[in-house]
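The following paragraphs guide the reader through a set of charged side-chain contacts. Please have the sequence and the structure at hand.

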Amino acid sequence: MPTKMLHIPTADGQADAFAAFPDGGERHPGVLMYADGFGIRPVLREMACELAGHGYYVLVPNLFYRHGPAPVIALPEHIGEEVRPAVFAQLMPLIEAHTTERVLSDADAYLRFLTTRPEAGAGPVAVTGYCIGGLLAMRTAAAHPGQVAAVAAFHGPVGVDGPDLFSKLTAQVHLGHAEGDMTAEALGELNQALDAAGVGYTSEIYAGTVHGFTMSDTDAFNPSALQRHWDRLLPLLDHALANS
């Protein structure tokens with residue numbers, strides 16, 4: 001699986017990014033993948049390569065490039081509960097500084113870059129994200145309704161922007177929630193808001209999961225839930241990007 005480290009021109013500099021794509025010289029539908037708050041690391045590279053193996057050009061930008069290249073902070077090989085508070089103490093200032101204005105400016109640059117890669121198609125594209133990256137994926141899809149055909153978010157705070165964001169979505173949506181993050185009542189309210197906005201979506205709690213269930217380098221990892229994530233994500237992308 002060919003991979004590259006790239007630099008994406010943005011309004012504020014150069015964002016480093018990881019890309020994975022099928023071999024063979026053909027053009028493939030583009031997928032912008034937003035990492036969780038821990039950023040680009042081996043598990044994200046593995047997930048990008050897994051997705052690329054299904055026929056996609058996958059671009060994973062360093063969300064916090066303004067603070068340095070990935071990894072922006074030193075990360076242990078396994079991010080267990082005992083080190084999580086100290087890691088988040090370093091990450092929270094970066095997350096808080098990543099304002100909506102920055103998110104949308106960067107999204108413009110990421111999509112512009114993605115659709116001009118020689119190995120990627122010109123669009124439409126999909127956006128997927130994990131944890132905070134799930135929220136960024138939703139914001140990106142809402143800001144680019146004519147370009148983003150599918151968006152998927154996993155264990156992400158996707159409802160914090162409220163129904164105003166949902167009303168701008170034209171993409172097909174899948175939301176995979178951690179049981180530890182979402183009650184059945186809250187899920188019902190979220191889904192009612194998506195219905196009211198006319199969004200085409202699936203939105204479900206993955207049973208027996210806690211926040212971060214897709215990430216194999218954390219204590220939250222749930223192998224069966226990760227497989228469920230692929231079982232939901234791949235058909236979504238296949239349907240939405242079949243002709244791109």
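In this predicted model, a suitable place to begin is the salt bridge between Asp161 and Arg139, whose closest N and O atoms lie 2.7 Å apart. The two residues come from distant parts of the chain, 22 residues apart: Arg139 belongs to helix α4 (residues 132-143), while Asp161 sits in the loop between β6 (148-154) and α5 (163-166). Asp161 has a relative accessibility of 29% and therefore counts as partly exposed. Arg139, with a relative accessible area of 13%, is buried, because the limit for that class is under 20%.

This contact belongs to a wider set, as the structure holds eight salt bridges. Another of them joins Arg41 to Asp217, with 2.6 Å between the closest N and O atoms. This pair also links distant parts of the chain, 176 residues apart: Arg41 lies in the loop between β3 (30-34) and α1 (42-52), and Asp217 in the loop between β8 (201-206) and α7 (223-240). Arg41 and Asp217 are both buried.

A further salt bridge brings together the side chains of Arg66 and Asp106, at 2.9 Å from N to O. Because Arg66 is in the loop between β4 (57-61) and α2 (84-97) and Asp106 is in helix α3 (residues 100-114), the pair ties together parts that are 40 residues apart in sequence. Arg66 is partly exposed, its relative accessible area being 23%, whereas Asp106 has a relative accessibility of 1% and so counts as buried. Arg66 and Asp106 also belong to one network with Asp12, joined by salt bridges that share partners.

Definitions and conventions: Residues are numbered from 1 along each chain as its sequence is written. This is a predicted model: local features need pLDDT of at least 70, side-chain atom pairs count only at pLDDT 80 or more; totals for chains, interfaces and linings use all residues. Side-chain values use heavy atoms; hydrogens and water are left out. A salt bridge is a side-chain nitrogen of Lys or Arg within 4 Å of a carboxyl oxygen of Asp or Glu. Helices (H or I, at least four residues) and strands (E, at least two) are DSSP runs, numbered from the N terminus. Buried means under 20% relative accessible area, exposed over 50%, partly exposed in between (1.4 Å probe, protein chains only).
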